[in-house]
Amino acid sequence: MKNFKILHRDGNARAGRLTTPHGVIETPNFNPVGTQGVVKALGPRELKEIGVQIILGNTYHLMLRPGAELIEKFGGLHQFMGWDKPIMTDSGGFQVFSLGVALEHGSSKVVGRKYQKEESRPRLNKITEEGVIFQSHLDGSKHILTPEKSIEIQRKLGADLIVAFDDHESSKHTKAEMEKSLELTEIWGLRSLKKYNRKNWDGKQLMYGVVHGGTHQDLRIRSAHFTDENFDAISIGGIYGDKKMLCRIVEWVSAEVSEDKPRHLLGIGEVEDLFNGVERGMDFFDCVAPTRRARFGSLYICPENGGNKINSFAMSIRQSRYISDKKPIDPACGCYTCLNFSRAYLRHLYSAGEILYHNLATFHNIYFIVNLMREIRSAILEDSFHKLKFQWLGY
RNA sequence: CCGGAGGUGGCAGAGCGGCCAAUCGCAGUUGACUGUAAAUCAACCGGGUUUUCCCUACGGAGGUUCGAAUCCUCCCCUCCGGA
């Protein structure tokens, strides 16, 4: 892949750079999630200050509101949201899963944890070979998303990196169902490619294919081969199982895929998983964890200040023990929030429901993860990745 | 001093004879959060090491009842009017 260069390897970990129409992204890198054309609670100015190089938007949400045509009229998502650095958009395939089957069955893609909503209304969500008919979570209106439509929308949004429309295994996922779903992802992948090439957009959008196959090694390998044969960029998606299985899946896939293509691990981004992903050859990650955790009072701390894999490297600012704590969230952190505000103040803002809390907390969490990725990248360049990983994880 | 309304668990505030260790909310504790229906959700929240179990509890002291936070009597204390 001519736009992607690997500069250095430390074991299977790679440090590289991906060139896009809106700039270079140094890898490994983390994409903060900005589903609706914003990274919740942060503006582009702050993202730049942090050093964020790429963010992720979502086809599903943006097509429903405000609509791809509207964004196109504004010159694309970059202009619309005032962000001139790279953007990746997700295909919407995942939402069809997470807002349909997954909500009805209460399943999630990692570890099977559940998110209980007071009442989860049954959703119309019909998967056919053509595509998916679904109801909007906003107003219940009916929509259809097909591979062609997803690509078309992503083209209108004008993202630098886009994702082929993929199917998700049903939550029951018997192997037969998995295989069937995988076939659909392959068919849809080819259709996505056809649409993508036919219009020959400006050739600058890089499209990821998505590797599926759940926790089955043979399916994952088959999917890896298929994706590698047809796409210039590889992403891993679908159901991952627990953290151990996630590691294995990444190992299976990265062993079967071309070295010179960028690899994105979709939806993953807890600290421990970042290390394990990078160690196994992944270049890109995106995850709602830092932004969502921030809003929920969970703020990242490094190992020397109490972070560990048990607490997911986070402390809970809600606890009354911080009520008069003058220290910053993480005394070792150099972010604006940590340089200027105490835990006591942040806790106060949280309890008071003040908007500024979201901003300061999210700023810290994104800074923390982006900074961690910077450290990881430097470590790879200096052949000390495993030392750094050991410092953080103890293994 | 007279008239009226009240005193319930950290706060606030329901209950007004048994299903009340006491609704709901806030505060508190714990847990969850991984391609964002998420400024969210769940559990706990008097004490006793688990309990369909036992204690202590609804201003205080008595009483009526098989049984009271709920009814009666007296006392103490608040608040609102009027002198």
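Which strands does H14 lie across, and at what angle does H14 run to S2? Keep that in mind as you look around; the tour ends there. One thing before you start clicking: this is a predicted model.

**Stop 1: the whole chain.** Select chain A and zoom out. Colour it by secondary structure and you'll find 15 helices and 16 strands. Along the principal axes, its C-alpha atoms fill a box of roughly 60 × 50 × 45 Å. For a chain of 395 residues, a compact globule would have a radius of gyration near 21 Å, and chain A comes out at 20 Å, so the two agree. Half the chain is tucked in, too: 50% of the 395 residues count as buried. And if you draw contacts between residues at least 6 apart in sequence, 66% of them join residues at least 24 apart.

**Stop 2: the big core.** Now go inside. The largest nonpolar core holds 100 residues, and Tyr-208 and Leu-299 have the most contacts within it. Select residues 355-381 next: this is helix H14, which gives the most to this core, with 13 residues. Try giving residues 4-287 (domain 1) and 295-393 (domain 2) separate colours; both domains give residues to the core, so it lies between them.

**Stop 3: Leu-299.** Pick Leu-299 and show what surrounds it. Leaving aside residues up to four places away in sequence, Leu-299 touches Ala-294, Ala-314, Met-315, Ile-317, Ile-329, Ala-361, His-364 and Asn-365.

**Stop 4: a little core of its own.** Select Phe-94, Phe-97, Val-132 and Phe-134. They are among the members of a second, separate core of 6 residues.

**Stop 5: a three-stranded sheet.** Head back to the start of the chain. Here you'll see an open sheet of 3 strands, ordered S1-S2-S3 and paired antiparallel. S1 (4-10) and S3 (23-27) are the edge strands; each has a single partner strand, so one side of each has no neighbour in the sheet. From one strand to the next, the twist averages 10°. For a closer look, select S2 (residues 13-20) together with S1: the two pair in the antiparallel sense over 6 bridges. Show Phe-4 as sticks as well, and you'll find it standing opposite Leu-18 in S2.

**Stop 6: back to H14.** Keep the sheet on screen and bring H14 back. The helix lies across S1, S2 and S3, and it runs at about 115° to S2. That settles the opening question, and this is also the helix that gives 13 residues to the largest core.

Technical notes. Residues numbered from 1 in each chain as written. Chains lettered and ligands numbered in written order. Predicted model: local features only at pLDDT ≥ 70, side-chain atom pairs only at ≥ 80, totals over all residues. Helix = DSSP H or I, 4+ residues; strand = E, 2+ residues; numbered from the N terminus. Rg over C-alpha atoms; globule rule 2.2 N^0.38 Å. Buried ≥ 20, exposed ≤ 12 C-beta atoms within 10 Å, placed from the backbone. Contact = placed C-beta atoms within 7 Å. Core = buried A, V, L, I, M, F, W, Y, C linked by C-beta atoms within 7 Å. Domains from an automatic or database assignment. Pairing = 2+ DSSP bridges. Axes fitted to C-alpha atoms, helices over the stretch in contact; angles between N-to-C directions.
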